[in-house]
Amino acid sequence: MITRLTPQDAAFYRLESSSNPIHIGSLAIVATDDAAPLDYDRLVDLVESRLSMVPRYRRKVREIPLDLGRPVWVEDSRFDITYHIRRSALPTPGTDAQLHELIARLASRPLDQGRPLWEMYLIEGLAGGRGAIFTKSHSALVDGDSALEIGHVILDTSASPRELADDAWVAPREPNEVELLIGALSRLAARPREAVDVLRGAGADAFAMVAAAGKAVDSVVSAVRAATQGAPDSPLNAKTSRSRRFDVVRTDLEDYRTIRKRFDCSINDAILAVVTGALRNWLLSRDEALTEQATLRAVVPMSVYVEDPAGDPTTPDSEVSSFLIDLPVGEPNPVIRLSHIKHASEADSRQRRGVRARTLVHLAGFAPASLHAMSVRAASTFAEHTFNLVITNAPGPQTPMYIGGARMLEMYPVSPLLRNQASSIGITSYDGQVFYGLNADRDAMADIDVLAASVHESMEEMLGACA
């Protein structure tokens with residue numbers, strides 16, 4: 001089966017560079033004790049049995065000769081699942097710090113563009129009877145609607161994996177260069193207007209393509225055009241290297257509910273207020289001069305939490321909305337910081353439009369990785385000089401989930417760094433906790449651990465204000 005990449009998929013495919021790999025990462029920590037072993041063979045069998053639900057994970061990208069059209073998805077005739085699912089073991093004692101260093105190295109590496117654009121790693125030997133599964137999928141591969149991230153399909157709601165019908169997939173013959181060229185010429189002959197566009201677009205800059213690509217991001221273009229003012233100067237904006245650092249933060253969802261109830265705000269507002277306080281503390285640790293009017297501008301693509309009458313976020317709404325917000329990092333009072341964020345969010349909610357995610361909310365065992373992928377796509381529509389960092393926020397299930405019978409304990413997004421962005425912050429809620437994945441450039445943010453610690457300090461400050 002041959003299908004053409006959408007304009008947006010093609011734009012993300014061409015944005016890839018050695019210093020800015022554009023893949024979405026997801027880190028799951030699982031229990032791997034004797035009662036729920038998860039070894040390599042079992043993981044391979046599980047993924048292989050679910051690939052029919054994510055058919056793009058067997059397809060690779062082929063360029064059209066002479067650039068006569070967008071690249072196409074073709075079935076990989078030499079698809080080898082053991083090439084994509086790999087294993088690694090941490091040295092004794094298998095600490096979290098060792099795991100984070102490994103994730104940073106894996107996240108730094110671009111995917112092999114000669115094969116389907118994904119990899120999965122089973123990481124063994126984590127202390128405390130735990131293991132980890134790290135998955136990375138190219139942003140061109142996942143659109144969150146017709147093409148989901150593989151984390152959606154390997155999760156189960158019980159320790160007994162659900163049974164699916166046998167997959168009868170057989171590797172087909174791949175088209176050769178001549179066949180691809182003939183197909184492209186036939187398409188252009190039938191679509192003269194598209195032929196003109198292809199000639200005009202030859203050699204176009206990929207970033208310009210993103211701003212005009214696909215109806216999936218048309219709904220946020222108005223916000224892009226409105227963002228004419230440049231972002232404040234910040235150490236968060238720097239040329240990125242080929243290496244990364246990674247750290248995580250674990251917080252309790254109940255603490256955000258406490259803030260929500262005390263200050264009559266949303267869960268999302270409470271999360272942004274905690275992030276703002278953490279960024280303030282991190283900047284102060286660097287001896288940055290902060291006036292009370294100092295801000296950092298964040299592009300915040302996030303899925304909307306649906307809250308029941310008790311204020312519990314349970315399932316995601318069916319859209320991802322994206323907006324720019326100035327985070328008041330210069331304001332010393334945490335309550336005033338939250339007030340600024342609440343009013344800014346309310347003002348933006350009347351103007352922004354959402355990127356639809358119709359498919360996601362109907363799946364049992366919802367996983368947020370596809371929403372993070374959509375969020376990165378939405379963030380990429382903003383001109384790079386208009387914001388300082390990206391904060392993606394996607395809710396996950398609030399009941400325990402399982403991978404191959406092993407209970408998932410924690411889940412962290414690993415969002416990519418966009419051009420000249422020294423850090424990205426991915427946030428996911430799961431089973432009563434809120435997990436932060438902090439991805440950063442190794443050279444520009446050697447102190448990512450300070451930012452991680454600052455999240456806890458900011459949370460304590462907010463809870464103190466609630467007392």
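Biologist: What span should the 19 residues of helix α11 have, and how far apart are its end C-alpha atoms?

Modeller: This is a predicted model, and the check on a helix is to set an expected span beside the distance found between its ends. At 1.5 Å a residue, helix α11, which covers residues 267–285, should span 27 Å, and its end C-alpha atoms lie 27 Å apart, so the two values agree.

Biologist: Is α11 mostly covered or mostly uncovered, and what comes just after it?

Modeller: Of the 19 residues in α11, 16 are buried, so to speak of the helix as mostly covered is fair. Just after α11 comes aspartate 287, with a positive phi of about 60°.

Biologist: How many disulfides are there?

Modeller: A disulfide is a covalent bond between the sulfur atoms of two cysteines. Here the count is zero. Cysteine 265 takes part in none, and the nearest cysteine sulfur, which belongs to cysteine 466, is 8.4 Å away.

Biologist: Why is cysteine 466 not bonded to cysteine 265?

Modeller: The two sulfurs are too far apart for a bond, because 8.4 Å separates them, whereas a disulfide needs them within 2.5 Å. Cysteine 265 is buried, with a relative accessible area of 9%, and cysteine 466 is buried as well, at 13%.

Biologist: Which residues have the most contacts inside the largest nonpolar core?

Modeller: That core has 70 residues, and those with the most contacts inside it are Val47, Trp118, Ile150 and Ile403. Apart from it lies another core, of 46 residues, which includes Val275, Leu296, Ile341 and Val434.

Biologist: What does tryptophan 118 touch, leaving aside its neighbours within four places in sequence?

Modeller: Its contacts include Val47, Leu51, Tyr57, Phe79, Lys136 and Ile150.

Terms used. Residues numbered from 1 in each chain as written. Predicted model: local features only at pLDDT ≥ 70, side-chain atom pairs only at ≥ 80, totals over all residues. Heavy atoms only, no water. Buried < 20%, exposed > 50% of the residue type's maximum accessible area, 1.4 Å probe, protein only. Helix = DSSP H or I, 4+ residues; strand = E, 2+ residues; numbered from the N terminus. Expected span 1.5 Å × (residues − 1). Core = buried A, V, L, I, M, F, W, Y, C linked by side-chain atoms within 4.5 Å. Contact = heavy atoms within 4.5 Å.
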